[in-house]
Amino acid sequence: MKKYVVAIDIGGTNTELAIVDEMGLIIDGKNFNTQSVSSFEDYISELSLEISNILIKNNMTDEVFKVGIGAPNANFYSGCIEHAPNLKWKGVLPISKMLSEKINLPVVLTNDANAAAIGEFSFGEAANLKDFFLVTIGTGLGSGFFVNNELVYGHDGFAGELGHVIVDCKSDRLCGCGRYGCLETFVSSSGVVKTAVQLLEKSEVPSLLRKISPTELTSLDIATAAEAGDKIALEVFDFTAKILGFALANTVAITSPQAIIISGGLAKSGDLLMVPLKEHFENFLLPLFKNKVDVKYSSLLEKNTGMLGAAALAFNN
């Protein structure tokens, strides 16, 4: 008999949920606005209602045995979302306990980037790897580390926060964590825009980006300009790749992975990021690691890696 779980991917804007089988096939899915309710208690009520609706719709009320969740600042050990900066509800939120009591199913959760790494390990590029780490680049920068076939949680559940490694101690870029100069402030959609604005201010080089107000500029605009050969836009990608390559090379010296997998929205820029990234990465590597670590994009870019990871988490725990 097939087994099924409900997988949930909680984002600052949208919450996505789906019924998933053990092969990673999504049977049916639904999403709703994370911000649509005022209190966390109301959010749990809305989430439990959506779960109930999707199970009834597919006549699978008795087929699902567990729920897996990927969420920002989620702690695998405590079952809580803890002080997530991009969610409207602050403090420690006991989501596993509250949701489980509502739907009468066991609930397990992990950090959204860890969920993406689990998804890659279970269904993607890392299926045959023992040691790798995944970096997901979007609004922020998240990461998940596998060492000897095990996801690294650390003693408190918060290991692997590569996005909050400081790469410039003199930077004026304020991170959501409250510190300055974190990798996330440079390598993220907002970080890319900040770099472009700074380069435009310092240079008089003609650029397609000058036609767009700095307050309306997006990372997609920069990628489009770079594809058209825009010098400023290409410089933005090279700078971003250099900072990321520096951070990845330093991390390799600690974990010695077989591969590094890049996921998230910025990964869809393709060679614009990957070509300079590989060059800078190899230049920064210790000699004993050179040409040993494969840096590649996720094979699940067109799928919800976090959703699949949440499903795998439920199946495996």
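These legends go with close-up views of a predicted model.

**View 1. Strand 4 sits between two parallel partners, strand 1 and strand 8.**
Start with strand 4, residues 64-71. Of its 8 residues, 7 are buried, so the rest of the structure largely encloses this strand. Strand 1 (residues 4-10) runs parallel to strand 4, and 6 bridges join the two. To find your place in that pairing, look for V6, which stands opposite V67 in strand 4. Strand 4 also pairs with strand 8 (residues 107-111), again in the parallel sense, over 5 bridges. Here a handy landmark is G68, whose bridge partner in strand 8 is V108.

**View 2. Strands 5, 6 and 7 make an open antiparallel sheet.**
The 3 strands come in the order 5-6-7. Strand 5 (74-75) and strand 7 (92-93) are the edge strands with a single partner each, so one side of each has no neighbour in the sheet. Strand 6 covers residues 80-82 and is joined to strand 7 by 2 bridges. Within that antiparallel pairing, I81 stands opposite L93 of strand 7.

**View 3. The largest nonpolar core has 48 residues.**
Which residues touch the most other members of this core? They are I222, L248, I260 and I262. Several elements give two or more residues to the core, among them strand 9 (132-137), strand 10 (141-147), helix 5 (219-227) and strand 12 (259-263). Helix 6 gives the most, with 11 residues. Zoom in on L248 and, leaving out residues up to four places away in sequence, you'll find it touching F133, V135, L162, I260, I262, L277 and F281. There's also a second, separate core of 32 residues, which includes Y43, I69, I95 and V107.

**View 4. F132 and F146 stack across two strands.**
The ring centres of this pair are 5.0 Å apart and the planes are at 10°, so the pair counts as stacked. F132 belongs to strand 9 and F146 to strand 10, so the pair ties together parts 14 residues apart in sequence. Both F132 and F146 are buried. A search of the whole structure turns up 14 aromatic pairs.

**View 5. F40 and Y43 stack within helix 1.**
This aromatic pair is stacked as well, at 6.1 Å centre to centre with 25° between the planes. Helix 1 spans residues 40-57 and holds both F40 and Y43, which are 3 residues apart, or about one turn of the helix. Are these two residues buried or exposed? F40 is buried, and Y43 is too. Widen the view and you'll see ring pairs linking F32, F40, Y43 and W89 into a cluster.

**View 6. E120 is a buried acidic side chain without a salt bridge.**
Find E120 in helix 3, residues 112-123. What is the nearest side chain of opposite charge? That's K296, 7.9 Å away. A salt bridge needs a side-chain nitrogen of Lys or Arg within 4 Å of a carboxyl oxygen. Setting aside neighbours within four places in sequence, E120 is in contact with E125, A126, A127, L134, I261, S298, S299, L300 and T305.

Notes:
Residues are numbered from 1 along each chain as its sequence is written. This is a predicted model: local features need pLDDT of at least 70, side-chain atom pairs count only at pLDDT 80 or more; totals for chains, interfaces and linings use all residues. Side-chain values use heavy atoms; hydrogens and water are left out. Two strands pair if DSSP finds at least two bridges between them. Helices (H or I, at least four residues) and strands (E, at least two) are DSSP runs, numbered from the N terminus. A nonpolar core is a set of buried Ala, Val, Leu, Ile, Met, Phe, Trp, Tyr and Cys residues joined through side-chain atoms within 4.5 Å. Buried means under 20% relative accessible area, exposed over 50%, partly exposed in between (1.4 Å probe, protein chains only). Contact means heavy atoms within 4.5 Å. Lys and Arg count as positive and Asp and Glu as negative; His and the chain ends are not counted. Rings of Phe, Tyr and Trp (its six-membered ring) pair if their centres lie within 6.5 Å; planes under 30 degrees apart count as stacked, over 60 as edge-to-face and the rest as tilted.
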